[in-house]
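Visitor: I should like to learn how to read the features of a model such as this one. Where might one begin?

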Amino acid sequence: MRLKQISPFLLFNSLLVVCLVAITIVFWVTELDITTISRFYRGDGEWIGKDNSYLSFFYFPMNAIIFSIPLFVGFPLLFLSLSRRPYFKKIRLYRNHGFLLVLTTMLGAGLFNSVIVKAIFARPRPEAYFNGDFVYFRPFEVATSYWGLLDASFPSGHVSIAFVL
């Protein structure tokens, strides 16, 4: 009997899942995330990036720029593909791409991640922990006492946009 060969795609994804589960277990049993994050906060609970123009640029303006890229590409593709003009005929081939970019950005990263999932996990931002306003929650632990907290840190909006791109 001949054994089937495992596809490289399945092997890679299986190893990726095993690594992610192992890393999550390390963060679950230790306070490695708080220890790492504490390097970026002063003793008074303030983030060091507010005074550093390089870090603050990558925190706010870059987040807005990255969020708008799929919309700036998707909306023109979508609207130009709806035109009946003959010189937009080739763009009609990309109508589904434009629709997918807009839909995944608005619903996936925008609505689903920022409103629904953040409200469920409700993990407070690190500065709230360092200021003493909130207690520490382990990764993937649902903070039922803070349900409805929309300014939460998990899941990350930066990562959801990167996933869309």
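**Reading the fold and an aromatic pair**

Guide: From the N terminus on, the elements of the protein chain run α-α-α-α-α-α-α. This is a predicted model, and its secondary structure comes to seven helices and zero strands.

Visitor: What share of the residues in the protein chain is buried?

Guide: A residue counts as buried when its relative accessible area is under 20%. Of the 165 residues in the protein chain, 24% are buried. The chain exposes about 12,100 Å², and 71% of that area is supplied by carbon and sulfur atoms.

Visitor: How should contacts be read along the sequence?

Guide: One asks how far apart in sequence the partners lie. Among contacts in the protein chain between residues at least 6 apart, 61% join residues at least 24 apart.

Visitor: How many aromatic pairs does the structure hold?

Guide: The structure holds one. F75 and F79 form this pair, with 5.7 Å from centre to centre and 5 degrees between the planes. Planes under 30 degrees apart count as stacked, so the pair of F75 and F79 is classed as stacked.

Visitor: Where do F75 and F79 lie?

Guide: Both residues belong to helix α4, which spans residues 61-81. F75 and F79 are four residues apart, about one turn of the helix.

Visitor: Why does F79 count as exposed or buried?

Guide: The cut-off for exposed is over 50% relative accessible area. F79 counts as exposed because its relative accessibility is 52%. Its partner F75, at 30% relative accessibility, counts as partly exposed.

Key
Residues are numbered from 1 along each chain as its sequence is written. This is a predicted model: local features need pLDDT of at least 70, side-chain atom pairs count only at pLDDT 80 or more; totals for chains, interfaces and linings use all residues. Side-chain values use heavy atoms; hydrogens and water are left out. Rings of Phe, Tyr and Trp (its six-membered ring) pair if their centres lie within 6.5 Å; planes under 30 degrees apart count as stacked, over 60 as edge-to-face and the rest as tilted. Helices (H or I, at least four residues) and strands (E, at least two) are DSSP runs, numbered from the N terminus. Buried means under 20% relative accessible area, exposed over 50%, partly exposed in between (1.4 Å probe, protein chains only). Contact means heavy atoms within 4.5 Å. Accessible areas come from the Shrake-Rupley method with a 1.4 Å probe; for residues, only the protein chains shown count as cover.
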